[in-house]
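Q: Hey, I'm new to this one. Can you walk me through what's in it?

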Amino acid sequence: MVKAVVFDLGKVLVDFDYSIAARKIAARGTMALEDLARFIAQSSILLRYETGLLTSAAFYKEVCDATGYCGAFEEFATTFGDIFVPIAPMVDLQATLRRNGLPTFIFSNTNELAVNHIRRVFPFFAGFDGYILSYEHGAMKPQPALYEVVERQSGHRGPELLYIDDRLENIEAGAQRGWQVILQETPEKTLAAMEKLGLLNHE
């Protein structure tokens, strides 16, 4: 029944830690580290950026204005993007699905700086059939508009789509559209669920 597998990016294929960026930005600015971490996590700036309401240049300027960051844009882009580590079992899972001929898609609330960094540093990112990224469509999961883009781009609907995400509200929005879903708690649990669905061929 499954015709395509849809992967969230953060905490599914890559782990991330914004505190890494916060420490580097704080070291080049005037805002205290704890205030800067709160600014990234709780202000509207990241939400607006990931919804496509701010360009990367505008995002950079707002961060500079708020934090006193004095680095050039290129330095900021590296600092803000270099917060990711691949989750190896999930990267391997996608490679297995691809070898087995099953289309795979990335479906993520994310931003241009993050995607540019991941695309440049992690070769696995190139191996998907499509990318549905919040900042390119002016919508964020769990808004229905972004799920409609997945259906249009993949050419599949309902139970033909299997969706893996670490956030319950995002999974629930997919389930409401009839998608099959897996809530990622650990890679091991996700792999067990994939095995149960018969999607992993034994060598």
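A: Sure, one term to begin with: a salt bridge is a side-chain nitrogen of Lys or Arg within 4 Å of a carboxyl oxygen of Asp or Glu. Also, this is a predicted model, so local features need pLDDT of at least 70 and side-chain atom pairs count only at pLDDT 80 or more, while totals for chains, interfaces and linings use all residues. Residues are numbered from 1 along each chain as its sequence is written, and side-chain values use heavy atoms, with hydrogens and water left out.

Q: OK, how many salt bridges does the structure hold?

A: Twelve. In one of them, the side chains of Lys 141 and Asp 8 meet, at 3.0 Å from N to O. That pair links distant parts of the chain, 133 residues apart: Lys 141 is in the loop between helix H8 (134–137) and helix H9 (144–154), and Asp 8 is in the loop between S1 and strand S2 (14–16).

Q: How are those helices and strands picked out?

A: They're DSSP runs numbered from the N terminus: helices are H or I with at least four residues, strands are E with at least two.

Q: Back to that pair. Does Lys 141 count as buried or exposed?

A: Lys 141 counts as buried, because its relative accessibility is 6%. Asp 8 also has 6% relative accessibility, so Asp 8 counts as buried. The cut-offs are under 20% relative accessible area for buried, over 50% for exposed and partly exposed in between, with a 1.4 Å probe and protein chains only.

Q: Got any salt bridges with exposed partners?

A: Try Lys 61 and Asp 65, whose side chains meet at 2.9 Å, N to O. Both lie in helix H4 (residues 56–67), four residues apart, about one turn of the helix. Asp 65 has a relative accessible area of 55%, so Asp 65 is exposed. As for networks, salt bridges that share partners join Asp 8, Lys 141 and Asp 165 into one.

Q: And Asp 15, what does it form a salt bridge with?

A: Lys 11, with the closest N and O atoms 2.5 Å apart. Asp 15 is partly exposed at 34% relative accessible area, and Lys 11 is partly exposed at 33% relative accessibility.

Q: Switching topic: what's the strand order in the sheet?

A: S5-S4-S1-S6-S7, an open sheet of five strands with parallel pairing. Strand S5 (130–133) and strand S7 (180–183) are the edge strands, each pairing on one side only. Two strands pair if DSSP finds at least two bridges between them.

Q: Which strands does S1 pair with?

A: S1 pairs in the parallel sense with S6 over four bridges and with S4 over three bridges. Phe 7 has Ile 164 as its bridge partner in S6, and Phe 7 stands opposite Ile 106 in S4. Ile 106 in turn stands opposite Tyr 131 in S5. Strand S4 (residues 104–108) and S5 are parallel too, over four bridges.

Q: Are the faces of S1 covered or open?

A: Both faces are covered: Ala 4 and Val 6 on one side, Val 5 and Phe 7 on the other, all buried. In a regular strand, side chains alternate between the two faces of the sheet.

Q: What about helix H6?

A: Helix H6 (residues 88–99) has twelve residues, which at 1.5 Å a residue should span 16 Å, and its end C-alpha atoms are 17 Å apart, which agrees. The expected span is 1.5 Å times one less than the number of residues. Met 90, Val 91, Leu 93, Gln 94, Thr 96 and Leu 97 are buried in H6. The buried residues of H6 pack against strand S1 (4–7), strand S3 (84–86), S4, strand S6 (161–165) and helix H11 (187–196). Gly 101 follows H6 with a positive phi, near 85°.

Q: What is Leu 97 in contact with?

A: Leaving aside its neighbours within four places in sequence, Leu 97 is in contact with residues including Val 5, Phe 7, Leu 102 and Met 194. Contact means heavy atoms within 4.5 Å.

Q: Which residues touch the most other members of the largest nonpolar core?

A: Of its 52 residues, Phe 7, Leu 13, Phe 59, Phe 76, Leu 97, Ile 164 and Met 194 do. Apart from it lies another core, of 15 residues, among them Ala 4, Val 149, Ile 171 and Trp 179. A nonpolar core is a set of buried Ala, Val, Leu, Ile, Met, Phe, Trp, Tyr and Cys residues joined through side-chain atoms within 4.5 Å.
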